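Here are my notes on this one, as numbered points. Keep the viewer open while you read.

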There are 2 protein chains.
Amino acid sequence: MKSASRGSTRERILDVAQRLVQTRGYNGFSFHDLAKELGIRTASIHYHFPTKADLGVALLQRYRARFRSELEGISAKGGDPLRRLTQFAGLFERTFKTGNQLCLCGMLSAEVATLPQEVAGEVEHFFEESEGWLADALAAGKKAHKMAFAGSANAQARMFLAVLEGAMVVARGMRRTAYFQGVARDYLAKLKHA
Amino acid sequence: MKSASRGSTRERILDVAQRLVQTRGYNGFSFHDLAKELGIRTASIHYHFPTKADLGVALLQRYRARFRSELEGISAKGGDPLRRLTQFAGLFERTFKTGNQLCLCGMLSAEVATLPQEVAGEVEHFFEESEGWLADALAAGKKAHKMAFAGSANAQARMFLAVLEGAMVVARGMRRTAYFQGVARDYLAKLKHA
DNA sequence: GTCTATAAGATGATAGAC
DNA sequence: GTCTATCATCTTATAGAC
C-alpha cells in the first residue's frame, strides 16, 4: 500500500507533490515522479491539474488554508503567549522531523525566481500571515510580562521566523537532525528569560 | 560587454554558474543557460566540466576557498569580536544586496536531496567551518565581556547562522529587501546589549 | 579550446479511445 | 477519470572537425 493512498486522486496528487517540493524543490520533481509514486499516468495528473503552475497554485492554497487553520487552533486554545510560540515552532519541528522536510514556503522562497508569479504571490502571503500571527503573540507576551525583548513585536516576529526557516535549512545542509530543535528551543528559552 | 567577461573561460563559467545557482538553484539552470550568457556553446562548457556534477564540485571548492579567505582576512585585521561578527554578517548582506542572491550553500542546502553526493559534502563542510569560526568569535567576545548570551558559544553560533540564512530566505520570499538587514542588525544589537 | 552535429532521455503537455 | 499514443522542447552529454 502506497503512503498516500487515501482521499481523492486530486488530494493524493497534492500529498505527493507537497512532499516532493519540501524534499526536492519545485524544480526537483516532475509529473513522471508523481505518476510513478501514485501508480497512475502523467496524463491523469494533467486531467486534475492542466499545468504544473496550476498544481503549484492549488498546493499553496491548500497549504495556506491548513496552516491558517492550525494557527487558529493554537490561538483558540487560549494558552499563554509563550506556549503559543512554542506550538508554532512545534509545527515546524514536526515538519522537519518528517524526513528532514523544509517548510513548503521556505523551500519555494529559495526557488522564487523560477516560480510562476501566482505561486510566488502565495509564498509572500504565507510569510506575511505568519509574521502577523507571531507579532500578535509576542506583543501579548510582552504586555503580560511573560517575555522580554528589545524593539517592536514585529521586529521580533521577523527574527523568530528567520530563526525557524534558517535552522531548517542549516540542519538539512549539515545533515544534523538535532540542530533544528536545539536552535528553536534556545530561542524560546532566551525569549522567556531575557 | 557581458557581465562576466574577465578571466579564463573556466572562471567565467563558474561566475555565471554561481550567480544562477544563487538566484535559481542547482536545478533551475542548464548548460544552455550558461552557454547563452557566455556566448559559447554547451559543448565548450563540457570541455571544462565534463558533467554538471563536476561543475558543482568545482563551484563549491572555489566558493569555500574564497569564503575561508574572507574569514581569515577578517580575523587577521584583529578587530574586537563584535566587529568580526558584524563583518561576517556583512558578507551575507553584500550577497543579498546583489540581486537578492542567497548564500550559495543556503540555496544548495534546500536542494540537497537532489545533489551529487560530493556537492552535498561540500555544503556540509561550509556550515561546519562557519559555525566554528563564529563560535570562536563569540567565545572571545563573551570572555572579554564585550557581548552577553546564555548557553555555549557553539549554540549561539548555530543560532546566528540560522538567523542569517533564514533572513535571506524569508526576505526573498516576502520580496522585502530591507528585511535581511533589519534582522541581522537586531540580532547583533541584542548580542551587545544582552 | 571551441565548434557543429547528434543522440538518448527527461519533461510538460495534448488528442482521442475507453 | 484514466488510459495509450504522441508531441515539441529541454537537458545532459559525446564524437569528431577545425
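1. Start with the backbone of R41(B): one of its polar atoms sits 2.9 Å from a phosphate oxygen of DNA strand C. Bear in mind throughout that this is a predicted model. Two side chains of chain B also reach phosphate oxygens of DNA strand C. For S44(B), a polar side-chain atom is 2.6 Å away from one, and for Y47(B), the distance from a side-chain N or O atom is 2.6 Å.

2. Now zoom out to everything around DNA strand C. There are 15 residues around the strand, and the nearest are K52(A), T9(B), S44(B), Y47(B) and H48(B). Of the strand's atoms that come within 4 Å of the protein, sugar and phosphate make up 67%. As for secondary structure, α3 of chain A and α3 of chain B each give at least two residues to this surface. The largest share is from α3(B), with four residues. If you like a breakdown by class, the surface has six nonpolar, seven polar and two charged residues.

3. Over to the other strand. DNA strand D is surrounded by 15 residues, with T9(A), S44(A), Y47(A), H48(A) and K52(B) the closest. Here sugar and phosphate supply 68% of the strand atoms that lie within 4 Å of the protein. The classes come out as seven nonpolar, six polar and two charged residues.

4. Which atoms of DNA strand D should you look at for the polar contacts? A phosphate oxygen of DNA strand D is 2.5 Å from a polar side-chain atom of Y47(A). F31(B) comes in through its backbone, with an N or O atom 3.1 Å from a phosphate oxygen of the strand. H46(B) is worth a look too: a side-chain N or O atom of H46(B) is 3.2 Å from a base nitrogen of DNA strand D. The elements giving two or more residues to the surface near this strand are α3 (42-48) of chain A and α3 (42-48) of chain B. With four residues, α3(A) has the largest share.

5. One residue I'd click on is H48(A), which belongs to helix α3 of chain A. Is H48(A) buried, exposed or partly exposed? The relative accessible area of H48(A) is 26%, so the residue counts as partly exposed. Its contacts, leaving out residues up to four places away in sequence, are T9(A), R10(A) and I13(A). R10(A) is 38 residues from H48(A) along the chain, yet their C-alpha atoms are 6.3 Å apart.

6. On to symmetry. A turn of 180° with a shift of 0.0 Å along the axis lays chain A on chain B, at an RMSD of 0.0 Å. That is how a two-fold axis relates two copies. Both copies use the same surface, as 100% of the contact residues of chain A recur in chain B. To find the axis on screen, go to G166(A): its C-alpha is 1.7 Å away, and no residue of chain A comes closer.

7. Last, the inside. The largest nonpolar core has 144 residues, and the members that touch the most others are F88(A) and F88(B). What does F88(B) touch, once residues up to four places away in sequence are set aside? The list is F67(B), L71(B), I74(B), S130(B), W133(B), L134(B), F160(B), L161(B) and L164(B).

Conventions: Residues are numbered from 1 along each chain as its sequence is written. Chains are lettered from A and ligands numbered from 1 in the order in which they are written. This is a predicted model: local features need pLDDT of at least 70, side-chain atom pairs count only at pLDDT 80 or more; totals for chains, interfaces and linings use all residues. Side-chain values use heavy atoms; hydrogens and water are left out. A nonpolar core is a set of buried Ala, Val, Leu, Ile, Met, Phe, Trp, Tyr and Cys residues joined through side-chain atoms within 4.5 Å. Buried means under 20% relative accessible area, exposed over 50%, partly exposed in between (1.4 Å probe, protein chains only). Contact means heavy atoms within 4.5 Å. A residue is near a molecule or strand if one of its heavy atoms lies within 4 Å of it. A polar contact is a pair of N or O atoms within 3.5 Å; within protein, one must be able to donate a hydrogen and the other to accept it, and residues adjacent in sequence count only if both atoms are side-chain atoms. Ala, Val, Leu, Ile, Met, Phe, Trp, Tyr, Cys and Pro count as nonpolar, Asp, Glu, Lys and Arg as charged, and the others, Gly among them, as polar. Copies are superposed by least squares on the C-alpha atoms of residues with pLDDT of at least 70 in both.
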